[in-house]
Amino acid sequence: MPAFRKLGLGILTPNLRGNNWMGPAAADDLADLLERLRSEFGAGRFFFFSGSMGGTGNLIYAIRRPGDAAALVALAPAADLTSYHAWCRRGNRAILREIADAIEKAYGGSPDGRPAAYRRHSALEHHEKLVMPTFIAHGREDAVIPVEQSRRLAEKRGGDAGFVYREIEGGHDAPLLLPEAVEWLADLVSRKEKRC
């Protein structure tokens with residue numbers, strides 16, 4: 001947070017319906033909140049920066065409302081909730097069962113029962129909507145959200161100059177400590193400020 005404040009950025013950390021994985025209602029809540037910030041406080045640009053469920057939410061929101069995101073940093077995200085949900089259900093850890101249950105609650109059922117809702121919220125399926133500068137990092141040994149989630153999205157984005165993917169050593173929390181993510185956003189913000 002100090003790095004963002006040094007850049008002159010305000011910081012917003014909303015609780016969007018708890019453990020919600022940017023379900024449809026949470027995405028609507030965030031859209032309403034950003035509109036309020038625009039109308040009441042004159043906010044002009046929003047830079048999304050978060051990890052894990054938050055990083056997943058960043059990706060989902062960005063493909064649902066690309067015009068709201070000036071840039072996006074997603075650390076250790078799930079790029080496709082259908083395949084991630086299936087992976088969680090195959091796992092034998094309590095946390096993975098809890099995640100799968102939370103995803104089902106947020107989306108009104110399982111991917112089998114609500115395939116259209118899950119497809120609408122898949123960054124992998126709608127990767128072309130990631131038109132904003134995007135930085136994704138994932139730890140190779142991640143046991144909470146598998147690195148294959150980010151790898152598949154990076155493969156889809158290929159040579160897009162505005163898309164940066166870093167795969168690093170470590171587990172789920174490793175990208176949260178990656179200075180390059182903050183430096184990337186700081187560089188992007190300072191370049192945009194010089195053009196204004």
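This is a chat between a visitor and a guide about a predicted model and the words used to describe it.

Visitor: Let's start with His 126. Why is His 126 called buried?

Guide: Buried means under 20% relative accessible area. His 126 has 19%, so it counts as buried. You'll find His 126 in the loop between helix H6 (115–120) and strand E3 (134–139).

Visitor: What makes the link from the side chain of His 126 to Arg 119 a polar contact?

Guide: The side chain of His 126 reaches the backbone oxygen of Arg 119 at 2.9 Å. The cut-off for a polar contact is 3.5 Å, so this pair qualifies. Leaving out residues up to four places away in sequence, His 126 touches Ile 63, Arg 119 and Arg 120.

Visitor: Glu 125 sits in that loop between H6 and E3 as well. Why is Glu 125 called partly exposed?

Guide: Partly exposed runs between the 20% and 50% limits. Glu 125 has a relative accessible area of 41%, so partly exposed is the right label.

Visitor: And how far is Glu 125 from Arg 5?

Guide: They are 120 residues apart in sequence, and 34 Å apart in space from C-alpha to C-alpha.

Visitor: Why does Arg 5 count as exposed?

Guide: Exposed means over 50%. Arg 5, at 52%, is therefore exposed. Arg 5 belongs to helix H1, and its side chain reaches the backbone oxygen of Leu 9 at 2.9 Å. Setting aside neighbours within four places in sequence, Arg 5 is in contact with Gly 10 and Ile 11.

Visitor: Helix H1 also holds Phe 4, which pairs with Phe 49. What makes that pair edge-to-face?

Guide: Two values settle this one. A pair of aromatic rings is described by the distance of the centres and the angle of the planes. For Phe 4 and Phe 49, the ring centres are 5.0 Å apart, and the cut-off for a pair is 6.5 Å, so the rings pair. Their planes stand at 65°, and over 60 degrees counts as edge-to-face, so that is the name this pair gets.

Visitor: Where in the chain do the two partners sit?

Guide: Phe 4 is in helix H1 and Phe 49 is in strand E1, so the pair links distant parts of the chain, 45 residues apart.

Visitor: Are Phe 4 and Phe 49 buried or partly exposed?

Guide: One of each! Phe 4 has 15% relative accessibility, under the 20% limit, so it is buried. Phe 49 comes in at 26%, between 20% and 50%, so it is partly exposed.

Visitor: How many aromatic pairs does the structure hold?

Guide: There are 6 aromatic pairs. Ring pairs also tie Trp 21, Tyr 84 and Trp 87 into a cluster.

Visitor: Now the loop between H1 and H2, home of Arg 17 and Met 22. What is the phi of Arg 17, and of Met 22?

Guide: Arg 17 has a positive phi of about 65°, and Met 22 has one of about 50°. Neither Arg 17 nor Met 22 is a glycine.

Visitor: How do you know which of these is exposed and which is buried?

Guide: Arg 17 has 51%, over the 50% limit, so it is exposed. Met 22 has 9%, under 20%, so it is buried.

Visitor: What makes Asp 68 and Tyr 61 partners?

Guide: Their side chains are joined by a polar contact of 2.4 Å, within the 3.5 Å cut-off. Asp 68 lies in the loop between H3 and strand E2 (71–75). At 15% relative accessible area, under 20%, Asp 68 is buried. Beyond its neighbours within four places in sequence, its contacts include Leu 34, Arg 38 and Phe 46.

Visitor: Last stop, the largest pocket. What is its volume, and which residues are closest to its centre?

Guide: The volume is about 1,200 Å³. Of the 45 lining residues, the closest to the centre are Leu 12, Thr 13, Phe 47, Phe 48 and Phe 49. Elements giving two or more residues to the lining include helix H2 (24–41) and strand E1 (47–51).

Visitor: How do the lining residues divide by kind?

Guide: The split is 32 nonpolar, 12 polar and 1 charged.

Definitions and conventions:
Residues numbered from 1 in each chain as written. Predicted model: local features only at pLDDT ≥ 70, side-chain atom pairs only at ≥ 80, totals over all residues. Heavy atoms only, no water. 1 Å grid on protein atoms, 1.4 Å probe; cavity = no way out; pocket = protein on both sides within 12 Å on 5 of 7 lines; lining within 4 Å. Points joined across faces, edges and corners; volume = space filled by probe spheres on them. Helix = DSSP H or I, 4+ residues; strand = E, 2+ residues; numbered from the N terminus. Nonpolar A, V, L, I, M, F, W, Y, C, P; charged D, E, K, R; others polar. Buried < 20%, exposed > 50% of the residue type's maximum accessible area, 1.4 Å probe, protein only. Polar contact = N/O pair within 3.5 Å; in protein donor to acceptor, adjacent residues only side chain to side chain. Contact = heavy atoms within 4.5 Å. Phe/Tyr/Trp six-rings, centres within 6.5 Å; stacked < 30°, edge-to-face > 60°.
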